[in-house]
Amino acid sequence: MAVMRSALLWASRNRWLAQQFPRYRFARAAVRRFMPGTTVDAALDASERFVPAGIGAIFTRLGENLTEFEAATRVVEHYVDVIDRIAKRNVPAQISVKLTQLGLDISEDGATRNLITLAAHAAAGGNVVWVDMEDSSYVDRTLAVFRAALAVHRNVGLCTQSYLMRTEKDLESLLQETCAIRLVKGAYNEPPAVAFAKKSDVDKNYLRLARMSLQASRTIPDTPRPVMGTHDSALLARIARAADQDGVARDGWEIHMLYGISSKEQLRLAQDGRKVRVLISYGEEWFPWYVRRLAERPANVWFVVRSLFMR
Ligand code: FDA
């Protein structure tokens, strides 16, 4: 399984495959399992279907590592429009962005300006902007850009990854800054020098970091609700027990999951009184993101193979 995961994560960064694979109809059909469509309208429509269950949404347009700043400017214009559409359709939705989509590979200052523009626009409508965490080579720059935006607008939240050994220290200082944190396990191919190699260590660290976040939400005034971005039900059950023991209210933390993964569990948790959001991706640039989803559960590859024969 580890070999398959590494191979898939290698493939997720292959430009030739990124050009070829989406050309096949079976590939486009298979990806539909994880995204309702390529347009923001498809994402908005999907989010409305979650409203009766009390589940909120987060939208993200796929695409990363932009090489021209002009393209990053267009991404900002796109998200400004998305924030307006969220308000117009009155859906409980937020946005989540990758900094390399805002031009981080070209200019750190430019990416910072872009994030501040989005945060300002979201703040005007009472909304928030989440910042994804990319591979470990981006963590320092992501923290710097995030902190620069946080100094101007409080409505930004950051994703942190439990597979990185450095995250405990990063989280310690971020929690003192009372910002919104979404904790995930981490989706990239990382060397053992920076990331836990064993899944059990990643999970153990997740629980430790989750407890740190929950405790901070109780003890540090104005700390936003901690967010657990995971589909790991056993881990979520342990976090819920820890939250109860620590006296954190039932709605004192949130659970975020991806569209199309653990869908029944999303509904069950919402019915159980938990605060749940679903991250809905859309856009044409889905290849690297989709292959990371396959790598998370190599059994998904059989789903792709099945799609090939069910054309
Ligand atoms: P784990 O991988 O242990 O899976 C637990 C169970 O969930 C599996 O047994 C399976 O049942 C189900 N499952 C998980 N992934 C599946 C899949 N692809 N297909 C089918 N079933 C699956 N990563 C990152 O590096 N930077 C980021 O910014 C983000 N952002 C982000 C936001 C949100 C809201 C979520 C939910 C996740 C991310 N991630 C991320 C991805 C994250 O790092 C991680 O790769 C996935 O969430 C899968 O890990 P789990 O925590 O679900 O656990």
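In the next few minutes I will go through the barrel, its strands and helices, the nonpolar cores and a few backbone details of this structure.

Please keep in mind that what we are looking at is a predicted model.

Let me start with the overall arrangement of the sheet. Eight strands close into a barrel, in the order β1-β2-β3-β4-β5-β6-β7-β8, and the pairing is parallel. If we ignore direction, neighbouring strands of this sheet are turned against each other by 25 degrees on average. Helix α4, residues 40-50, packs on the sheet, where α4 touches β1 and β8 (275-282), and the direction of α4 makes about 160 degrees with that of β8.

I would now like to spend some time on strand β4, and to ask how many of its six residues are buried. Six of the six residues in β4, which covers residues 156-161, are buried, so the strand is largely enclosed by the rest of the structure. This can be followed on both faces of β4, since Val 156, Leu 158 and Thr 160 are buried on one side, while Gly 157, Cys 159 and Gln 161 are buried on the other.

On one edge, β4 is joined by three bridges to strand β3 (residues 129-131), and these two strands run parallel; here Val 131 has Leu 158 in β4 as its bridge partner. The connection goes through helix α7, residues 139-150, and β3, α7 and β4 together make a right-handed β-α-β unit. Turning to β5, we find five bridges that join it to β4, again with the strands running parallel, and in this pairing Thr 160 stands opposite Leu 183 of β5. The unit formed by β4, α8 and β5 is likewise a right-handed β-α-β unit. Going on around the barrel, two bridges join β5 to strand β6 (residues 227-229), which run parallel, and Arg 182 stands opposite Val 227 in β6.

Helix α8 deserves a closer look at Thr 167, which lies in this helix of residues 167-176. Is Thr 167 buried or exposed? Its relative accessibility is 3%, and because the cut-off for a buried residue is under 20%, Thr 167 counts as buried. Leaving aside neighbours within four places in sequence, Thr 167 is in contact with Thr 160, Gln 161 and Leu 209, and of these partners Thr 160 and Gln 161 are among the buried residues of β4.

Next, two helices that show a buried and an exposed side. In helix α1, residues 2-11, the buried residues are Leu 8, Leu 9 and Ala 11. Seen down the axis of α1, these buried residues fall within an arc of 155 degrees, so they line one face of the helix. On the other side of α1, Ala 2, Val 3 and Trp 10 are exposed.

In helix α11, residues 263-271, the buried residues are Glu 265, Gln 266, Leu 269 and Ala 270. They cover an arc of only 135 degrees around the axis, which puts them on the same side of α11. The buried residues of α11 pack against α4, α10 (233-245), β7 (254-258) and β8, whereas the face turned away from that buried side carries the exposed residues Lys 264 and Gln 271. After α11 comes Gly 273, with a positive phi near 90 degrees.

Now to the nonpolar cores. The largest has 80 residues, and those that touch the most other members are Phe 59, Ile 95, Leu 115, Met 228, Ile 239, Trp 253 and Ile 280. Apart from this core lies another, of 27 residues, among them Phe 26, Ala 27, Trp 289 and Ala 295. To take Ile 95 as an example, and again setting aside neighbours within four places in sequence, its contacts include Ile 58, Phe 59, Tyr 79, Leu 118 and Trp 130.

I will finish with the backbone, and with the question of which residues have a positive phi although they are not glycines. One of them is Asn 65, with a phi of about 50 degrees, located in the loop between β1 (56-61) and α5 (69-89). Another is Thr 178, whose phi is about 45 degrees and which lies in the loop between α8 and β5 (180-184). As for accessibility, Asn 65 is partly exposed, with a relative accessible area of 23%, whereas Thr 178 is buried, with a relative accessible area of 18%.

Conventions: Residues are numbered from 1 along each chain as its sequence is written. This is a predicted model: local features need pLDDT of at least 70, side-chain atom pairs count only at pLDDT 80 or more; totals for chains, interfaces and linings use all residues. Side-chain values use heavy atoms; hydrogens and water are left out. Helices (H or I, at least four residues) and strands (E, at least two) are DSSP runs, numbered from the N terminus. Buried means under 20% relative accessible area, exposed over 50%, partly exposed in between (1.4 Å probe, protein chains only). Contact means heavy atoms within 4.5 Å. The arc is that of the directions from the helix axis to the C-beta atoms. A nonpolar core is a set of buried Ala, Val, Leu, Ile, Met, Phe, Trp, Tyr and Cys residues joined through side-chain atoms within 4.5 Å. Two strands pair if DSSP finds at least two bridges between them. A crossover is right-handed if, with the strands pointing away from the viewer, the path from the first strand over the helix to the second runs clockwise. Axes are lines fitted to C-alpha atoms, for helices over the stretch in contact, and angles run from 0 to 180 degrees between N-to-C directions.
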